[in-house]
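Dear colleague,

Please find below the structure I promised to hand over, with the sequence alongside. My notes on what was found in it follow directly after.

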Amino acid sequence: MPQSKRLEVVDRRVVPKDSDVKKALRGRTRELAALLAISQTATQSLETEKILNDTLDKSLEILDFDVGYIRTLDAGKKNLIVRVARGLSSPEFLSTSFPLDSPDPIVGKTVFKTQKPYIGTDIRKDPMFQARTMEKEGVISLAMVPIVSKQRAMGFIAVGSKKLHKFTQREVRLLVAFSSQLGSALENAQLYDEVNKEKAYIENLVDNAGDAIISTDVEDRILTWNHGAEVIFGYSKEETVGQSLTILLPSHRAGELEEIRDKVRLAGVIRNLEVRRIRKDGIIIEASLAVSPIRDKDDNVIGFLHLARDVTEKKRYEQRLKELDKMKSAFVSNVSHELRTPLTAIKASADNMLDRLIGDLNGKQVGYLTRIKSNSDRLARLINDLLDLSTIEAGKIDLRPTNLPLVTLVKEAAESLRPVAAEKLIDLTVMSVDPRVIAWADRDKVIQVLMNLIGNALKFTPTRGKVTIAVAKNSAAWMQISVTDTGPGIPAKEVNKVFGRFYQIGQASTQKTQGTGLGLAISKALVEMHGGKIWVESEAGKGSTFSFTLPAEQPFQLESPAT
């Protein structure tokens, strides 16, 4: 063969003909046009059903197939369900869920897990294709491609024919591209649905909240107005949106909104602001207000969120309770004073008779008189405690603090109660790391607290027990006194109740003790008047320790003592 002819053959084999190039370009153009059509179909809506239906219809039209369907994951993401189908009518197929853990080798292991297409030229002869429903529908050739978004399989799209068909690379490539577009569209639609659900949920919460929730712009124009605002202020949403928030302000408080805006800009948020607002019917109400800024993406304040609660009735009740409390304190004080005079006479008479000032007494008479004196003393203590408590509640107690040597004071209180300790053979000990410990406190009030705490400790400590009083520094600014006993202790559920009025520690155990139940309540009030704290540490069966703190020096701005 001549050399020129050989070159001509080579050139013919290497260089494509113009017709082939044009044919390839036309094919590629059709593919791109088809892909664009599917892309537009998938992105023109955020409604999942419309996306699925339009994508399947367009895919069948472009690829020229007569059968197709799409399966996607159900809400529980455990089963694949048929969402749309064309050319198929079997109720069995359309209603059947396909479990992900199914042993089916095509869907379960190939299409969904490996995210690779399945191409079946003749599914009747494919031993891997186990689902017989397609054969019953007359389908012979079938291609299945996974729908994937962000490397996560969401389902698959299947197209097929009731005639024998050999799928080309172009068809498979297009089907993969279509499923990719569908995956992105479904992802967006799902996100949109989730956002809408969250939005609807939040809007429902806001609209059905009992409090008024109102948003405004920076010029106080009302933007949103929930149902709670309608109930509290009497205006409907239609009457208020677009109006100025000043419609709720009494005339003499016209400048209040500007003050609130300035405070919010400085503090970020304000809470529990008590204000007065005017309803549509002209009635003034008391409101508790919280206001926070609304910011844009650049952190600029573009409005304000107002949360308002009607506290009119609450304020009325509080005022009424204050009045009743004053009446109660006045009543207790008056009754206590009235009881004290005849009680003093009863005690004096009993003492005189016991001292034999009226003559000799027999044993029975002495017993009755002793009982009268004991109960009179108990009643006197109750009256004194009630008077102390009512005086404290009325704020009529004046502290006269001085520099107090605490160890000396504690020893004095302990000595006065030592006869009680001796009677029960109780070891009463005062401990201190520094006998020169000084506190800034009212001597009489501290003595009263000590007598209450030490007296209680002796009362509850069994015979031959031990009561220890310790004095030490709590910190540089605070002194601490602790009274520890070896009594029965206090159950955990009772610990927080012991400082309540009329609570008796003896009720927490099987032992019944006498007392007013006011000593610890009075002690707590007196300690707190000094700025200190009082607390108890106890465990049932292991005794108790009552501790309180006092300022070390005249306080101006002391930190709270540690507990």
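Asparagine 362 sits in the loop that lies between helix 11 (312–354) and helix 12 (363–393), and in this predicted model its relative accessibility of 41% makes asparagine 362 count as partly exposed. From that loop, the side chain of asparagine 362 reaches the backbone nitrogen of lysine 364 at a distance of 3.1 Å.

Turning to the strands, there is an open sheet built from five of them, in the order 13-15-16-18-17 and with mixed pairing. Strand 13 (427–432) and strand 17 (534–538) stand at its edges, and because each has a single partner strand, one side of each is left without a neighbour in the sheet. If direction is ignored, neighbouring strands of this sheet are turned against each other by 20° on average. Strand 17 is joined to strand 18 (residues 544–551) by five bridges in the antiparallel sense, and within that pairing valine 536 has phenylalanine 546 of strand 18 as its bridge partner.

Strand 18 also contains serine 547, which at 1% relative accessibility counts as buried, the cut-off for that word being under 20%. The side chain of serine 547 is joined to the side chain of serine 482 by a polar contact of 2.8 Å.

A separate pairing links strand 12 (residues 401–405) with strand 14, the two running antiparallel and being joined by five bridges; here proline 405 has isoleucine 438, in strand 14, as its bridge partner. Of the five residues of strand 14 (residues 438–442), four are buried, so this strand is largely enclosed by the rest of the structure.

Much the same question can be put to a helix: how many of the eleven residues of helix 16 (residues 519–529) are buried? The count is eight, and helix 16 is therefore largely enclosed by the rest of the structure; the buried residues are Gly519, Leu520, Ala521, Ile522, Ser523, Ala525, Leu526 and Val527. After helix 16 comes glycine 531, which has a positive phi, near 90°.

As you may wish to look at the empty spaces as well, I describe one pocket and one cavity. The second largest pocket has a volume of about 440 Å³, and it is lined by 16 residues, of which Leu73, Asp74, Ala75, Lys77 and Gln190 are the closest to its centre. Strand 1 (67–73), strand 6 (152–161) and helix 7 (169–208) are the elements that give two or more residues to this lining, and helix 7 gives the most, with seven residues. Sorted by class, the lining of the second largest pocket has eight charged, five nonpolar and three polar residues.

As for cavities, the structure holds three of 30 Å³ or more, and the second largest of the cavities encloses about 80 Å³ of space. Its lining is made up of Ile214, Phe233, Leu245, Leu248, Leu257, Arg277, Leu289, His306 and Ala308, which by class gives seven nonpolar residues, one polar and one charged.

With best regards

How values were computed: Residues are numbered from 1 along each chain as its sequence is written. This is a predicted model: local features need pLDDT of at least 70, side-chain atom pairs count only at pLDDT 80 or more; totals for chains, interfaces and linings use all residues. Side-chain values use heavy atoms; hydrogens and water are left out. On a 1 Å grid over the protein atoms alone, a cavity is a set of points where a 1.4 Å probe fits but cannot get out, and a pocket is an open set with protein on both sides within 12 Å along at least five of seven lines; lining residues have an atom within 4 Å of a point. Grid points are joined across faces, edges and corners, and a volume is the space filled by probe spheres set on the points. Ala, Val, Leu, Ile, Met, Phe, Trp, Tyr, Cys and Pro count as nonpolar, Asp, Glu, Lys and Arg as charged, and the others, Gly among them, as polar. Buried means under 20% relative accessible area, exposed over 50%, partly exposed in between (1.4 Å probe, protein chains only). Two strands pair if DSSP finds at least two bridges between them. Axes are lines fitted to C-alpha atoms, for helices over the stretch in contact, and angles run from 0 to 180 degrees between N-to-C directions. A polar contact is a pair of N or O atoms within 3.5 Å; within protein, one must be able to donate a hydrogen and the other to accept it, and residues adjacent in sequence count only if both atoms are side-chain atoms.
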